[in-house]
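User: I would like a close look at one part of this structure: the aromatic ring pairs. Please start there, then work outward to the charged contacts and the enclosed space.

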Amino acid sequence: MRTASVAFISATLAAAILTPLARELAHRSGLLDHALTSRKIHGKPIPRLGGIAIVLAFYAPLVALLFVNSDVGGRFYAHPEKAFGLFAGGLAIAALGVWDDVKGANARTKFLVQFGVAAAMYAIGFRIERIANPFGEPVELGLLLGLPFTMLWIAGVVNAMNLIDGLDGLAGGVALIAVATTFVVSVFHAHPLMILFTAALGGAVLGFLFYNFNPATIFMGDTGSMFLGFVLATTAIQTNEKSTTAVAIAVPIVALAVPIGDTLLAMLRRAGRGVPLFSADRGHIHHRLLDRGLTQRQTVMILYGVSLVFGGSALVLAFASSALTATFLVALAGFSWLGLRWLGYIDLDKAQLALAGRKRNLETRAAIRRVGDALRVARRHADVWVAVRMGGEALGARAAALHLAVPPADEDPYSHGFDGAGGDDLLRARYALLPERPGDTHLEYGFDDGRTEIDRDTEIAIELLCDHVSTALERIGRSGPSPAAAPAVPDPTKAAGE
């Protein structure tokens with residue numbers, strides 16, 4: 001425990017020192033969160049490299065203790081494949097996060113790396129080999145099911161922490177509570193290596209929260225959220241392998257109930273609305289609380305409290321009998337049901353509206369896919385502009401504009417409908433082609449159909465269109481404008497009867 005205390009204090013100090021340095025680096029490098037969407041809460045660009053400080057603060061005391069007179073070396077070399085495998089896996093996930101924060105990574109790349117690292121962790125012994133059954137004997141998974149369950153668990157927690165990182169201090173505080181829960185279980189099961197890892201992670205998160213709690217001066221970014229999720233997922237597997245068979249995996253699931261539940265709700269919500277499963281929206285738990293009039297701090301504190309309830313419940317489950325476990329899980333399910341009803345997630349009266357919205361979203365996505373097909377063969381900026389106007393027509397926009405950071409000298413401005421009669425009365429929506437990153441290249445649409453704000457479903461469609469446009473512009477930029485004439489794509493405005 002003395003070594004764990006040293007690791008915790010050292011990691012806290014390291015994070016408290018490194019976070020301002022990461023903030024300064026982000027400002028100098030221009031690595032700020034510039035998102036222009038309704039789901040973003042902050043009102044100004046915020047540095048997003050705080051995760052680097054968390055990663056370094058986690059590793060620093062662990063590496064340092066290997067070279068001093070302590071028992072850390074013995075713990076590491078008692079299970080070298082697990083100790084250094086967790087080190088390497090964490091670095092791989094952190095590298096993915098840095099790349100995403102700096103350059104941007106698509107969902108396919110993220111899942112490829114996450115599942116690859118998860119498979120490697122299974123190979124070295126971080127395995128889910130049974131599923132809890134509080135009403136009887138646990139279900140043994142074996143290799144055929146154990147590997148996919150382990151991969152889904154690690155990748156799922158990684159992305160759950162990423163999704164919940166939506167308010168100042170929220171992901172860090174929820175992670176800290178889950179880390180504390182895992183630490184207590186590690187102590188109970190006398191798992192010294194996991195005690196050390198959770199102590200270091202808890203200190204790293206605490207030191208970072210000094211700067212990330214509302215009002216935040218730095219975000220952890222994908223580097224921090226994915227790294228936290230990875231360490232939490234892997235240490236939970238290892239810590240609970242010695243648990244009673246009835247609660248082998250139930251403890252970490254309950255301890256991480258807030259991010260896991262939020263992720264499951266997001267997937268169900270997006271599937272029901274007919275939008276991509278991995279598209280961001282403004283329907284997360286913290287958004288629902290904000291919509292009820294709570295401030296950022298009040299929302300975060302409420303979710304801290306809920307996480308504490310679930311963390312304490314996980315500790316009860318870790319030491320409870322099978323009968324008590326079943327009773328407790330039923331009570332938690334009832335508590336969760338009431339909370340979801342209060343937040344408006346369970347509302348059968350809105351089912352008909354949801355079905356109509358799903359049909360509309362599927363039709364819009366089909367139209368955006370057709371625009372994407374046109375953009376894949378675009379050879380000039382003028383071709384991209386024609387596709388942008390086609391996209392505007394599909395979205396019901398009356399005006400459209402494509403703003404390029406370096407517009408072609410021989411082309412007219414790509415704008416239609418914003419000037420002239422009625423242009424000042426339009427509801428204007430502007431979206432950067434690279435969300436959360438700086439740059440003057442963006443799309444702009446104007447609507448005159450009576451709407452007073454841009455709903456999230458329309459935003460998602462515009463963001464999908466932005467991805468297609470960005471890819472086309474990058475391809476044209478690499479190859480240079482083609483001297484060939486633009487393909488004969490009908491002018492969407494004239495096609496509409498103008």
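Analyst: What follows starts with the aromatic rings and then moves to charges, a buried residue and a cavity.

The model is predicted. Every value below is computed from it.

**The aromatic rings**

Two values describe a pair of aromatic rings: the distance of the centres and the angle of the planes. The structure has eleven aromatic pairs. One of them joins tyrosine 59 and phenylalanine 87. Their centres are 5.0 Å apart, and the planes meet at 85°. An angle over 60 degrees counts as edge-to-face, so this pair is edge-to-face. The pair links distant parts of the chain. Tyrosine 59 belongs to helix H2, residues 50-66. Phenylalanine 87 belongs to helix H4, residues 80-102. In sequence, 28 residues separate the two.

Are these two residues buried or exposed? The cut-off for buried is under 20% relative accessible area. Tyrosine 59 has 9% relative accessibility, so tyrosine 59 is buried. Phenylalanine 87 has 10%, so phenylalanine 87 is buried too.

Phenylalanine 87 also pairs with phenylalanine 84. This pair is edge-to-face as well, at 6.2 Å between centres and 75° between planes. Here the partners sit in one helix: they are three residues apart in helix H4, which means about one helical turn separates them. Phenylalanine 84 is partly exposed, because its relative accessibility is 32%.

These pairs belong to a wider group. Ring pairs link Phe58, Tyr59, Phe84, Phe87, Phe197 and Phe227 into a cluster.

**Charges over rings**

Rings also take part in contacts with arginine. Arginine 127 places its charged end over the ring of tyrosine 122, with 4.7 Å to the ring centre. Arginine 292 does so with tryptophan 342. Arginine 292 lies over the face of that ring, 4.2 Å from its centre.

**Salt bridges**

Next come the contacts between charges. Side chains of opposite charge can pair when their charged atoms come close. The model contains eight salt bridges.

Glutamate 24 and arginine 28 form one of them, at 3.0 Å from N to O. Both lie in helix H1, residues 2-29. They are four residues apart there, so about one helical turn lies between them. The two ends differ in exposure: glutamate 24 is partly exposed at 38%, whereas arginine 28 is exposed at 71%.

Another bridge joins glutamate 444 and arginine 428, at 2.9 Å from N to O. Which elements hold these two residues? Glutamate 444 is in strand E8, residues 442-447, and arginine 428 is in strand E7, residues 427-432. The pair therefore ties together parts 16 residues apart in sequence. Glutamate 444 is buried, because its relative accessible area is 11%. Arginine 428 is partly exposed at 44%.

Aspartate 449 and arginine 451 form a further bridge. Their closest N and O atoms are 2.8 Å apart. Aspartate 449 is partly exposed, with a relative accessible area of 45%. Arginine 451 is partly exposed too, at 23%.

Some bridges share partners. In this way Asp100, Lys110 and Asp222 are joined into one network.

**A buried residue in helix H2**

Back to helix H2, where tyrosine 59 sits. Isoleucine 54 lies in this helix as well. How accessible is isoleucine 54? Its relative accessibility is 0%, so isoleucine 54 counts as buried. Isoleucine 54 and alanine 16 are 38 residues apart in sequence. Their C-alpha atoms are 9.4 Å apart in space.

**Enclosed space**

Last, the cavities. Two cavities of 30 Å³ or more are counted. The second largest holds about 30 Å³ of space. Which residues line the second largest cavity? The lining is made of Ala178, Thr182, Leu232, Ala236, Pro252, Ala255 and Leu256. Three helices each supply at least two residues of this lining: H7 (170-188), H9 (221-239) and H10 (250-255). By class, six lining residues are nonpolar and one is polar. No charged residue is part of this lining.

**Putting it together**

The ring pair of tyrosine 59 and phenylalanine 87 connects helix H2 with helix H4. Phenylalanine 84 joins through phenylalanine 87, and the cluster also takes in Phe58, Phe197 and Phe227. Among the salt bridges, one lies within helix H1, and another runs between strands E7 and E8.

Terms used: Residues numbered from 1 in each chain as written. Predicted model: local features only at pLDDT ≥ 70, side-chain atom pairs only at ≥ 80, totals over all residues. Heavy atoms only, no water. 1 Å grid on protein atoms, 1.4 Å probe; cavity = no way out; pocket = protein on both sides within 12 Å on 5 of 7 lines; lining within 4 Å. Points joined across faces, edges and corners; volume = space filled by probe spheres on them. Nonpolar A, V, L, I, M, F, W, Y, C, P; charged D, E, K, R; others polar. Phe/Tyr/Trp six-rings, centres within 6.5 Å; stacked < 30°, edge-to-face > 60°. Buried < 20%, exposed > 50% of the residue type's maximum accessible area, 1.4 Å probe, protein only. Lys NZ or Arg CZ within 6 Å of the ring centre and 35° of its normal. Salt bridge = Lys/Arg side-chain N within 4 Å of Asp/Glu carboxyl O.
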